[in-house]
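Q: Could you take me through the salt bridges of this model, one pair at a time? I would also like a word on the nonpolar core.

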Amino acid sequence: ASHVLTIDSTPPAADVTENGAVLGKTPLQLTVDNAAVAREPRRLTVSAPGFLPFTIVQGASDQSVRVAAALVPAPTATASAEPAQPTATRTTQPRVPASPPSTTKKGETKTPDSDIRLQR
């Protein structure tokens, strides 16, 4: 008997390897022989450039199996021979847009933070 192993990944199109041999890219479906994996489970690796590898150890199963491999970004080296590439940053604090000064009567200017009146 056998079962189907479906491997998905984030990011998609990651390499799936077994003992150094490339089996394909995610999403990937493999037929797993239960008798063979009962003796020794299959060890598969999901990998993509810039991410840490994700290891799957698959044994026997009575039903189909789906694995969603969420790859984690690899830490960047602190001392690198290559120049650092700019990275995108995400700000978690909300930004409050600056309000332009509002003009009141006859050339007087009022800002939201103060009540300074200019006289001519």
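A: Happy to; here are the salt bridges, followed by the core.

A word on the basis comes before the details. This is a predicted model, in which local features need pLDDT of at least 70, side-chain atom pairs count only at pLDDT 80 or more, and totals for chains, interfaces and linings use all residues. Residues are numbered from 1 along each chain as its sequence is written, and side-chain values use heavy atoms, with hydrogens and water left out.

The structure holds 3 salt bridges (a side-chain nitrogen of Lys or Arg within 4 Å of a carboxyl oxygen of Asp or Glu). Let's start with Asp8 and Arg66, whose closest N and O atoms are 2.5 Å apart. Asp8 sits in strand 1 and Arg66 in strand 7, so this bridge ties together parts that are 58 residues apart in sequence. Strands here are DSSP runs of E with at least two residues, numbered from the N terminus. Asp8 is partly exposed at 24% relative accessible area, while Arg66, at 58%, counts as exposed. For these labels, buried means under 20% relative accessible area, exposed over 50%, and partly exposed in between (1.4 Å probe, protein chains only).

Next come Lys25 and Asp15, whose side chains meet at 2.6 Å, N to O. Lys25 belongs to strand 3 (residues 21-25) and Asp15 to strand 2 (residues 15-18), so the pair ties together parts that are 10 residues apart in sequence. Lys25 is partly exposed at 45%, and Asp15 is partly exposed at 25%.

The remaining bridge joins Arg42 to Glu18, with 2.6 Å between the closest N and O atoms. This pair links distant parts of the chain, since Arg42 is in strand 5 and Glu18 in strand 2, 24 residues apart. Glu18 is buried, with a relative accessible area of 16%.

Now for the core. A nonpolar core is a set of buried Ala, Val, Leu, Ile, Met, Phe, Trp, Tyr and Cys residues joined through side-chain atoms within 4.5 Å. The largest one has 15 residues, of which Leu5, Ile7, Leu44 and Val46 touch the most other members. Strand 1 (2-10), strand 4 (28-33), strand 5 (42-47) and strand 7 (65-70) each supply at least two of its residues, and the largest share, 3 residues, comes from strand 4. Leaving aside neighbours within four places in sequence, Leu5 is in contact (heavy atoms within 4.5 Å) with Leu28, Gln29, Leu30, Val32, Leu44, Gln58, Val65 and Val67.

Methods: Helices (H or I, at least four residues) and strands (E, at least two) are DSSP runs, numbered from the N terminus.
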